[in-house]
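Visitor: Could you pick one part of this model and take me through it up close? I'd like the cut-offs along the way, please.

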Amino acid sequence: MTPMPCPSQDPSGAHQIRGPTRAPSPLSPGPTRSFPGIDSQPSFPLRQWEEQGELLLPLIFLLLVLGSLLLYLAVSLMDPGYVNVQPQPQEEAKEEQTAMVPQTIPLRRCRYCLVLQPLRARHCRECRRCVRRYDHHCPWMENCVGERNHPLFVAYLALQLVVLLWGLYLAWSGLRFFQPWGLWLRSSGLLFATFLLLSLFSLVAGLLLASHLYLVGSNTTTWEFISSHRIAYLRQRPGNPFDRGLIRNLAHFFCGWPSGSWETLWAEEEEEGSSQAV
């Protein structure tokens, strides 16, 4: 039934006819409620940069992510420095250099590959190969970290840490804490979980980078640092025979300068030690 209009009387005594009252539509805008200290539409840095036309920073962030991905693929797919089973002509000269090493250093033959291991090489059971200047086998890379890909591995850690810290900043800037608990959990719960996850990854990447920079600065490897008491060429010397000082260690690690085999360097350190003893 159509509701009948109800008459009403104004103060002058005249009757007025009013139409039926309508319930507010759920689609019509109603009164807004605001809480103190709450932004109705929180703004994120990426959205602000887009609105202001500053797309350089998002582009740099995407390039960093792409560079991190390329470094990951390079470290995981490249040859870490495998010792060839069949010696090449270039390796014959290196075998001649091993004759300069004193006989007190046993250059043992690998019982798995049956190759004469160069100094600082070790057999990896996961890769089933001997790796020059073996550092460790990374399960996330599914590859060994050795003489050839260790510099790229350090660069990957540094770039990955920058990307994680940038993502951590973006996640933190999107959080709003001055809200009722239920509303905050629905609007920012997933973002806060992402922030915690990025914090954990950033901590791990930072510790790995710091430890590897320390090892590079002292010209040692993870395997040598952990198992120095079991390695023959380290047990016979009180210090690290490969340490040339911070600057030369960094130059040799990242640039390959000064060049030379580890056997020759060990022999030079041994001669200097014996001359000082005399």
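Guide: Let's begin with a greasy bit of the outside: L56, L57, L59, I60, L63, L66, L69, L70, L73 and L77 make a nonpolar surface patch of about 940 Å². A patch here takes residues with over 30% relative accessible area and no salt bridge, joining nonpolar side chains (Val, Leu, Ile, Met, Phe, Trp, Tyr) within 5 Å and like charges within 9 Å. The areas are Shrake-Rupley values with a 1.4 Å probe, and for residues only the protein chains shown count as cover. Before going on, bear in mind that this is a predicted model, where local features need pLDDT of at least 70 and side-chain atom pairs count only at pLDDT 80 or more, while totals for chains, interfaces and linings use all residues. Residues are numbered from 1 along each chain as its sequence is written, and side-chain values use heavy atoms, with hydrogens and water left out.

Take L66 from that patch: L66 sits in helix α2 (helices, H or I and at least four residues, and strands, E and at least two, are DSSP runs numbered from the N terminus). L66 counts as partly exposed because its relative accessible area is 44%; under 20% would be buried and over 50% exposed, with partly exposed in between (1.4 Å probe, protein chains only). The unreviewed UniProt entry lists residues 55–75, 153–178 and 190–215 under "transmembrane region"; UniProt positions follow the numbering used here, feature names are shortened, and annotations may be inferred rather than shown by experiment. In the model, residues 55–75 come out 95% helix and 0% strand, with the end C-alpha atoms 30 Å apart. Residues 190–215 are 100% helix and 0% strand, with 38 Å between their end C-alpha atoms.

Now go inside. The largest nonpolar core has 25 residues, and M141 and F153 touch the most other members. Such a core is a set of buried Ala, Val, Leu, Ile, Met, Phe, Trp, Tyr and Cys residues joined through side-chain atoms within 4.5 Å. α2 (56–77), α4 (150–173) and α5 (181–217) each put in at least two residues, and α4 gives the largest share, 12 residues. Leaving aside residues up to four places away in sequence, F153 touches V75, H136, C138, M141, V145 and H212, a contact being heavy atoms within 4.5 Å. There is also a second, separate core of 12 residues, with Y82, L119, I231 and L234 among them.

L119 leads on to another pairing: T264 and L119 are 145 residues apart in sequence, yet 9.9 Å separates their C-alpha atoms. T264 belongs to helix α9 (residues 262–277) and counts as buried because its relative accessibility is 19%.

What about charges? The model has two salt bridges, meaning a side-chain nitrogen of Lys or Arg within 4 Å of a carboxyl oxygen of Asp or Glu. One pairs D79 with R148, the closest N and O atoms being 3.5 Å apart. D79 is in the loop between α2 and α3 (89–97), R148 in the loop between β6 (143–145) and α4, so this pair links distant parts of the chain, 69 residues apart. D79 is partly exposed, at 28% relative accessibility.

The other pairs R120 with E224, with 2.7 Å between the closest N and O atoms. R120 lies in the loop between α3 and β3 (122–124) and E224 in helix α6 (residues 222–226), 104 residues apart. Both ends are hidden away: R120 is buried at 1% relative accessible area, and E224 is buried at 2%.

R120 has a backbone quirk too, a positive phi near 75° in a residue other than glycine. Most residues other than glycine have a negative phi. R128 does something similar, with a positive phi of about 60°, but R128 sits in the loop between β3 and β4 (129–131) and is exposed, with a relative accessible area of 67%.

Zooming out, the protein has nine helices and six strands, and buried residues make up 37% of its 278 residues. Of the contacts between residues at least 6 apart in sequence, 57% join residues at least 24 apart. The accessible surface comes to about 18,600 Å², and 62% of that belongs to carbon and sulfur atoms.
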